[in-house]
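Me: Can you walk me through this structure? Keep it short and plain, please.

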Amino acid sequence: MNYHIKSLCHQGAIRDNNEDAISYGTDEKTGVTWMVVADGMGGHNAGEVASAMLVDHIKCAWDKISLTKQLDWPTWITEQLNAANLAILHSASNNSAQQGMGTTGVLIVIDNNECHIGWVGDSRAYTLINHKLVQETVDHTMIQELVNKGAITAETAKNANTKNLLSQAIGVREKISVDTTTIAINNGDTIMLSTDGLHDYLTEHEINQYLSEFSLDKDVCHDMLYRAMAKNSRDNVTLGLIYLTK
């Protein structure tokens, strides 16, 4: 399976610094591909430290694994996000300038015709399969918990002022609960990872349209960035796009 990959990580229109991070890679022999997106938070620019630590941890963990045998990717993803959580928490506890820092994280591994996804926080993974856009992750936010319980509707949640108040993040507490899912994918499908500075400001119809254009070999990353900023995105903007080429 071959991949067409594009990414963008931008500080956006308002922020003075960029606390987002993204990285990805493909093993040349097996074709196994990974991507991670993080959205950091914390004072004194510590948010960018936390997101960078998560991304660096995944890079290092990837370099140490052996792809000569079939791996349990959901377990590996869960282990790495938990390990990064403890590393960030330990760093913050030993540096007063980093206290309270944390980061969201969404990590995927594509192996053959499966995409394995793990996440903590409100950075998301979407798929476009047979022209249908699906949000594959469920935000770890206080508002989403109310939706899950049936206390409020999804439409009410979209317009809530507190929709980005996280229920959990990486590096804030000793224990986190990593959600994972595995989806079937094929040639012609598209995957997107993003931070809330992007997906909070684009409609699903717009995302669908951009990903459809990407599948036709158009580099839409900057178009998506400018559209989010035109719709008053006040956050950093990060997205990673993977098209499974035919």
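Reply: We'll go through pockets, salt bridges and a few single residues. Keep in mind that this is a predicted model.

Me: Pockets, then. How much space lies in the largest pocket?

Reply: About 550 Å³. It is lined by 24 residues. Arg124, Gln135, Asp139, Ala154 and Lys158 are the closest to its centre.

Me: Which elements give two or more residues to that lining?

Reply: One strand is on the list, β6 (124-129). The helices are α3 (142-148), α4 (154-158), α5 (196-199) and α6 (204-214).

Me: And what classes of residue line the largest pocket?

Reply: Eight are nonpolar, eight are polar and eight are charged.

Me: What about the second largest pocket, what volume does that have?

Reply: About 200 Å³. Its lining has 13 residues. Nearest the centre are Leu128, Asn130, His131, Gly188 and Asp189. By class, the lining has three nonpolar, eight polar and two charged residues.

Me: New topic. How many salt bridges does a search of the whole structure find?

Reply: Six. Let's start with Arg124 and Asp139, since you have met both names. Their side chains meet at 2.7 Å, N to O. Arg124 is in strand β6, and Asp139 is in the loop between β7 (132-135) and α3. They are 15 residues apart, and the pair links distant parts of the chain.

Me: Are Arg124 and Asp139 buried or exposed?

Reply: Both are buried. They are also among the residues closest to the centre of the largest pocket.

Me: Which residue does Arg15 meet in a salt bridge?

Reply: Asp235, at 3.4 Å, N to O. Arg15 sits in the loop between β1 (2-10) and β2 (20-26), and Asp235 in the loop between α7 (221-230) and β10 (237-245), so the bridge ties together parts that are 220 residues apart in sequence.

Me: Why does Arg15 count as partly exposed, and why is Asp235 called buried?

Reply: Go by relative accessible area. Under 20% is buried, over 50% is exposed, and in between is partly exposed. Arg15 has 33%, so it counts as partly exposed. Asp235 has 13%, so it is buried.

Me: What does Lys218 form a salt bridge with?

Reply: Glu213. The closest N and O atoms are 3.6 Å apart. Lys218 is partly exposed at 39%. Glu213 is partly exposed too, at 22%.

Me: Which residues are linked in a network of salt bridges?

Reply: Glu206, Arg227 and Lys231.

Me: Which residues of α6 are buried?

Reply: Glu206 again, plus Ile207, Asn208, Tyr210, Leu211 and Phe214. The cover over these buried residues includes β1, β6, β7, β9 (190-194), α7 and β10.

Me: Let's switch to single residues. Where is Ser123?

Reply: In the loop between β5 (114-120) and β6. Ser123 has a relative accessible area of 0%, so it is buried. A polar contact of 2.7 Å joins its side chain to that of Thr104.

Me: What else is Ser123 in contact with, neighbours within four places in sequence aside?

Reply: Besides Thr104, there are Val37, Asp39, Val106, Thr137, Ser194, Thr195 and His199.

Me: And where is Asn236?

Reply: In the loop between α7 and β10. Asp235 is in that loop too. Asn236 has 0% relative accessibility, so it counts as buried.

Me: Which backbone atoms does the side chain of Asn236 reach?

Reply: There are two to look at. One is the backbone oxygen of Asn17, at 3.0 Å. The other is the backbone nitrogen of Glu19, at 2.8 Å. Beyond four places in sequence, Asn236 touches several residues, including Arg15, Asn18, Asp20, Thr195 and Gly197.

Me: Last thing: backbone angles. What phi does Asn112 have?

Reply: About 55°, a positive value, though Asn112 is not a glycine. Most residues other than glycine have a negative phi. Asn112 is in the loop between β4 (102-111) and β5. At 52% relative accessibility, it counts as exposed.

Me: And what phi does His131 have?

Reply: His131 has a positive phi of about 70°, and it is not a glycine either. Its place is in the loop between β6 and β7. It is exposed, at 71% relative accessibility. You met His131 earlier, among the residues nearest the centre of the second largest pocket.

Methods: Residues numbered from 1 in each chain as written. Predicted model: local features only at pLDDT ≥ 70, side-chain atom pairs only at ≥ 80, totals over all residues. Heavy atoms only, no water. 1 Å grid on protein atoms, 1.4 Å probe; cavity = no way out; pocket = protein on both sides within 12 Å on 5 of 7 lines; lining within 4 Å. Points joined across faces, edges and corners; volume = space filled by probe spheres on them. Helix = DSSP H or I, 4+ residues; strand = E, 2+ residues; numbered from the N terminus. Nonpolar A, V, L, I, M, F, W, Y, C, P; charged D, E, K, R; others polar. Salt bridge = Lys/Arg side-chain N within 4 Å of Asp/Glu carboxyl O. Buried < 20%, exposed > 50% of the residue type's maximum accessible area, 1.4 Å probe, protein only. Polar contact = N/O pair within 3.5 Å; in protein donor to acceptor, adjacent residues only side chain to side chain. Contact = heavy atoms within 4.5 Å.
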